[in-house]
Amino acid sequence: MIQVLFSVIFAEMALIVMFVFKTPLRKLVIMGLDRIKRGRGPIVVKTIGGTIFVVMLSTIYSVVSIRKRWIDEDGNITPTDQILMAQHLLEASLMGFSLFLALMVDRLHHYIRELRIRRKSMEAVNKQNRGFEDGKNGACDDMKSLEEEASALRLKIKKLELCLEEKARETSDAEANSVALKKQSENFGLENDSLLEDNQNLRAQLQALDQRLSSDTKKDS
């Protein structure tokens, strides 16, 4: 029993040393304890710990009973009782120390897992912050490019407005010229009509004169 308790204590001390120093074995130990704590592992560990605790209490009771017997017999105790008392004290102390070390191993494992989870969460938060900052920088670059495009479009719009004003002026001038040309053509048409009438009148007068001359010549002959 004592040899088993010593081996358990040394094993627990080795686990604590592995937890304290960062070595490749620590990952293996943590993975092994994670698997032990899954499923029925915690129930088995609690059962073993409860059994050791009960045995320790019974051992302490044996020590107390031997102590009472020693007091009742006025310090007259046999060497066998002394050996049994020393053995029971050693077993009880070893069992208590093993339970204490088991509790230390459990707490260290829990704290290391919490540290890993917090580090992962912090890394995830840092990655999100970096992504957010990169997104901000990208958004700022996009905003700058959009502003540049907007300013270029505004200049184009101003140029187009100036061109439209010039075209509107040209069209208004062309319309004014067309109106003037229409008026001139109408005046030319009126003058042409008057000239045609004058031409017809002159022709009629010439015809009348020709007829008179022809009649006068006939009379003279």
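**Helix packing and burial in the predicted model**

With a relative accessibility of 33%, Leu 84 counts as partly exposed, because the value falls between the limits of under 20% for buried and over 50% for exposed. Leu 84 belongs to helix H4, which covers residues 79-220. In sequence, Leu 84 and Ser 62 are separated by 22 residues, and their C-alpha atoms lie 9.0 Å apart in space.

The structure is a predicted model. The pLDDT averages 79 over the chain, and 90% of the residues reach at least 70. Among the elements of the chain, the highest mean pLDDT, 82, belongs to helix H1 (residues 2-20), whereas the lowest, 79, belongs to H2. Where pLDDT is low, predicted coordinates should not be read in detail.

Helix H1 contains 19 residues, for which a rise of 1.5 Å a residue predicts a span of 27 Å; the C-alpha atoms at its ends are 27 Å apart, in agreement with that expectation. Its buried residues are Leu 5, Ile 9, Glu 12, Ile 16 and Phe 19. Viewed down the axis of H1, these buried residues fall within an arc of 80 degrees and so line one face of the helix. Gln 3, Val 4 and Phe 10 are exposed and sit on the face of H1 turned away from the buried side.

Helix H2 was treated in the same way. For its 13 residues (24-36), the expected span at 1.5 Å a residue is 18 Å, and the end C-alpha atoms are 19 Å apart, which agrees. The residues buried in H2 are Arg 26, Val 29, Ile 30, Leu 33 and Asp 34. Seen along the axis of H2, the buried residues lie within an arc of 140 degrees, so they too line one face of their helix. The face of H2 turned away from this buried side carries Pro 24, Lys 27, Leu 28 and Arg 35, which are exposed.

Two packed helices are described by the angle between their axes and the distance between those axes. For H1 and H2 the packing angle is about 120 degrees, and the axes are 8 Å apart. The two helices are therefore oblique to each other, since the range counted as roughly perpendicular runs from 65 to 115 degrees and roughly antiparallel applies over 145. The crossing in which H1 passes H2 is left-handed.

Conventions: Residues are numbered from 1 along each chain as its sequence is written. This is a predicted model: local features need pLDDT of at least 70, side-chain atom pairs count only at pLDDT 80 or more; totals for chains, interfaces and linings use all residues. Side-chain values use heavy atoms; hydrogens and water are left out. Helices (H or I, at least four residues) and strands (E, at least two) are DSSP runs, numbered from the N terminus. The expected span of a helix is 1.5 Å times one less than its number of residues. Buried means under 20% relative accessible area, exposed over 50%, partly exposed in between (1.4 Å probe, protein chains only). The arc is that of the directions from the helix axis to the C-beta atoms. pLDDT is the predictor's confidence in each residue, from 0 to 100. Axes are lines fitted to C-alpha atoms, for helices over the stretch in contact, and angles run from 0 to 180 degrees between N-to-C directions. Angles under 35 degrees count as roughly parallel, over 145 as roughly antiparallel, 65 to 115 as roughly perpendicular and the rest as oblique. A crossing is left-handed if the near helix is turned anticlockwise from the far one by less than a right angle, and right-handed if clockwise.
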